[in-house]
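Biologist: Please take a close look at one part of this model, the sheet and the helices that pack on it. Describe how the pieces fit together.

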Amino acid sequence: MIEITTLSELTIDGKLSLGPGASSKDLFAFYGDELRTWFHQQRALHSAIMVGAGTVRSDDPELTVRYFQGPNPLRVVPASMGDIPLTSRLLNDGGATLVAVCRQAPDAVVAALAAKPNVQVVRCGDGRVDLAELMAVLYGLGIRSMIAEGGSRLLHSLFEAKLVSRIIIKHIPIITGALEAPTYLRPVNGTSALSLSRWSLADMFVKSGVGVSIYTPFANAA
Ligand SMILES: NC(=O)c1ccc[n+]([C@@H]2O[C@H](COP(=O)([O-])OP(=O)(O)OC[C@H]3O[C@@H](n4cnc5c(N)ncnc54)[C@H](OP(=O)(O)O)[C@@H]3O)[C@@H](O)[C@H]2O)c1
């Protein structure tokens with residue numbers, strides 16, 4: 001089984017960004033080097049890092065280790081029909097990226113993605129990427145731990161599929177006041193099968209003026 005840690009920046013009003021269409025990178029302005037280094041160290045400690053296609057479309061992230069000396073994890077993006085811009089940074093910088101599409105994704109789209117340097121495309125699921133199936137593929141590739149950075153829909157699906165082993169939240173001390181900004185979790189199809197699931201607070205500390213909370217499943221509590 002792959003150990004999946006979610007790692008998110010959340011504002012006081014529970015938002016993942018400053019507004020609809022805004023990049024979560026805007027939140028970096030509200031913290032300093034100590035937290036940035038720790039955050040990139042977390043990336044380096046895992047063999048893969050995942051964001052949803054929505055985050056690639058809105059933020060165009062690099063998902064590399066830059067503020068800490070360590071290896072870059074394999075970047076993983078579920079994009080059911082392969083709908084991410086061919087100009088995306090993570091398709092063009094030569095680093096390893098795996099794009100997961102569903103079985104119905106058009107062959108031409110898959111071929112265009114796979115033609116990018118160091119980009120691999122796998123098919124998992126019907127209609128939408130099946131995350132459990134994707135994890136089995138990644139396990140076969142030797143991946144044992146993964147950071148999932150968001151956004152709302154991918155995180156919701158991971159919790160719903162009970163794939164999360166650890167939650168890390170960086171509590172950004174601002175209120176956005178942006179009602180339409182993405183919240184922490186949002187179901188892809190508008191209905192949520194998540195029921196109360198209890199987590200244990202495993203650690204809590206402050207770095208660069210930002211609270212960091214780490215949760216593990218309640219059943220695994222010491
Ligand atoms: N603050 C933070 O820590 C942080 C981190 C990352 C992102 N964000 C923010 O989050 C927002 C984006 O969130 P989002 O919900 O729009 O996008 P997302 O969660 O990044 O991506 C969701 C998309 O992934 C694809 N997908 C494929 N299979 C899926 C599955 N099984 N479950 C869920 N998604 C699947 C779908 O697109 P297709 O229909 O194309 O398949 C889906 O719409 C942005 O504002 C970004 O800035 C914040």
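Modeller: Helices (H or I, at least four residues) and strands (E, at least two) are DSSP runs, numbered from the N terminus. The model is predicted: local features need pLDDT of at least 70, side-chain atom pairs pLDDT 80 or more, while totals for chains, interfaces and linings use all residues. Residues are numbered from 1 along each chain as its sequence is written.

Take the whole sheet to begin with. Nine strands form an open sheet with mixed pairing (at least two DSSP bridges per pair). Their order is β5-β4-β3-β2-β6-β1-β7-β9-β8. The edges are β5 (119–123) and β8 (199–207), and each of these pairs on one side only. Neighbouring strands are turned against each other by 20 degrees on average, direction ignored.

Now the β5 edge. β4 (residues 97–101) and β5 run parallel, joined by five bridges. Thr 97 has Val 119 of β5 as its bridge partner. Thr 97 is also in contact (C-beta atoms, placed from the backbone, within 7 Å) with Val 77. Beyond neighbours within four places in sequence, Val 77 also contacts Val 51, Ala 53, Val 56, Ile 84 and Val 99.

Two helices cover this region. α4 (residues 107–114) lies across β4 and β5, at about 150 degrees to β5 (N-to-C directions of C-alpha axes, 0 to 180 degrees, helices fitted over the stretch in contact). α5 (residues 131–140) also packs on the sheet. Helix α5 touches β2 (48–51), β3 (74–78), β4 and β5. Its direction makes about 155 degrees with that of β3.

Further along the sheet, the ligand comes in. β1 (3–11) and β6 (145–150) each supply at least two residues of its shell, as do α2 (53–59) and α6 (152–160). α2 gives the most, with five residues.

Notes. Contact = placed C-beta atoms within 7 Å.
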